Amino acid sequence: MKLRPLGIEGVWEITPRQHADARGVFLDWYCVDRFAAEVGRPLRLAQANLSVSARGVLRGIHFADVPPGQAKYVTCVRGAVFDVVVDLRVGSSTYGRWEGTRLDDVSRRAVYLSEGIGHGFCAISDEATLCYLCSQTYNPASEHGVHPLDPELAINWPAGTPLLSARDQDALLLSEARDSGLLPSYAACQALTALTRR
């Protein structure tokens, strides 16, 4: 398993070592020891989610209040997605910046995002299944979204007319979320990270 930090602090791309033979493929896509040694802290597993989407479905950009926040470890177990992380931490040097990664059932890469980072994806295969490991259980009252088609973010989604949920369609623009005080602060995210280091 190889971990590579991306250009946004607290975001990592994970490439597993695959062992293939005539029977199929085996890989470990998460290992707490190797993960914690590289990232500096383990991922506290509180909930695992599975999401199935048709081609052109766009989900996100979702984030949780900090504290407690919600770190995520995401991989695509069937099909392919364009996975996007957005730095929503007010005061971060990369605030408002996004990065996209192709996750699919061939490379079997994963993305880890720490608390305060927004997450979304667009299905680019006929059907795509994402598996999430989450550090906190889902709490609707502390979950929010930023509009994925916000011109300020200017994310290059690979879908002409993506299909959004009503929740995502009605999400605030980045500037509206910031001005309303909804976004997490970089300082609060750093304090949370310091508490969870081993």
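Of the contacts between residues at least 6 apart in sequence, what percentage join residues at least 24 apart? In the protein chain the figure is 78%. Keep in mind throughout that this is a predicted model.

**Figure 1. The whole chain, before we zoom in.** The protein chain carries 4 helices and 13 strands. Its C-alpha trace spans about 55 × 45 × 30 Å along the principal axes. How does the radius of gyration sit with a compact globule of 198 residues? Such a globule would come out near 16 Å, and the protein chain has 16 Å, so the two agree. Buried residues account for 51% of the 198 residues. As for the outside, the accessible surface of the protein chain adds up to about 9400 Å², and 52% of that belongs to carbon and sulfur atoms. If you're thinking about electrostatics, count 20 positive and 22 negative side chains, with the centres of the two sets 7 Å apart.

**Figure 2. Strand β12 and its two partners.** Here we're looking at β12, residues 127-134, where 7 of the 8 residues are buried, so the strand is largely enclosed by the rest of the structure. Which strands pair with β12? One is β5 (residues 47-54), which runs antiparallel to β12 over 8 bridges. Another is β7 (residues 72-78), also in the antiparallel sense, over 6 bridges. To get your bearings on the β5 side, find S51, which stands opposite L130 of β12. On the β7 side, V74 stands opposite Y132 of β12.

**Figure 3. L130 and its surroundings.** Stay in β12 and centre on L130, which belongs to that strand. Is L130 buried or exposed? L130 counts as buried because its relative accessibility is 0%, against a cut-off of under 20%. Its contacts beyond four places in sequence include N49, L50 and S51, and S51 is also the residue that stands opposite L130 in the strand pairing. V74, T75 and C76 are among the other residues that L130 touches. The contact list also includes V81, D83, H119 and F121. For a sequence-versus-space check, take L130 and R78: they're 52 residues apart along the chain, yet their C-alpha atoms are separated by 7.3 Å.

**Figure 4. G7, in the loop ahead of β2.** G7 sits in the loop between β1 (2-5) and β2. With 34% relative accessibility, G7 counts as partly exposed. Leaving aside residues up to four places away in sequence, G7 touches T94, R97 and E99. How many Å separate G7 and R17, C-alpha to C-alpha? The answer is 23 Å, for a pair 10 residues apart in sequence.

**Figure 5. E13, a charged residue in β2.** Moving into β2 (residues 11-15), we come to E13. Its relative accessibility is 10%, so E13 counts as buried. What does E13 touch beyond four places in sequence? The contacts include K2, L3, R4 and L6. T101, R109 and A110 are also on the list for E13.

**Figure 6. Two cis peptide bonds.** Which residues are joined by cis peptide bonds in this view? One such bond runs from G60 to I61, with omega near 10 degrees, and I61 lies in strand β6 (residues 58-64). Another joins V66 and P67, with omega about -10 degrees. P67 is placed in the loop between β6 and β7. If you're setting up a simulation, these are the omegas shown here.

**Figure 7. Positive phi without glycine.** R108 has a positive phi of about 60 degrees although it isn't a glycine. You'll find R108 in the loop between β9 (98-104) and β10 (110-113). At 25% relative accessibility, R108 counts as partly exposed. Where is A154 placed? A154 is in the loop between β13 (143-145) and α2 (166-169). This residue isn't a glycine either, and its phi is positive at about 55 degrees. A154 is partly exposed, with a relative accessible area of 44%.

Technical notes
Residues numbered from 1 in each chain as written. Predicted model: local features only at pLDDT ≥ 70, side-chain atom pairs only at ≥ 80, totals over all residues. Heavy atoms only, no water. Helix = DSSP H or I, 4+ residues; strand = E, 2+ residues; numbered from the N terminus. Rg over C-alpha atoms; globule rule 2.2 N^0.38 Å. Buried < 20%, exposed > 50% of the residue type's maximum accessible area, 1.4 Å probe, protein only. Contact = heavy atoms within 4.5 Å. Areas by Shrake-Rupley, 256 points an atom, 1.4 Å probe, with all protein chains shown as cover. Lys, Arg positive; Asp, Glu negative; His and termini not counted. Charge placed at Lys NZ, Arg CZ, Asp CG, Glu CD. Pairing = 2+ DSSP bridges.
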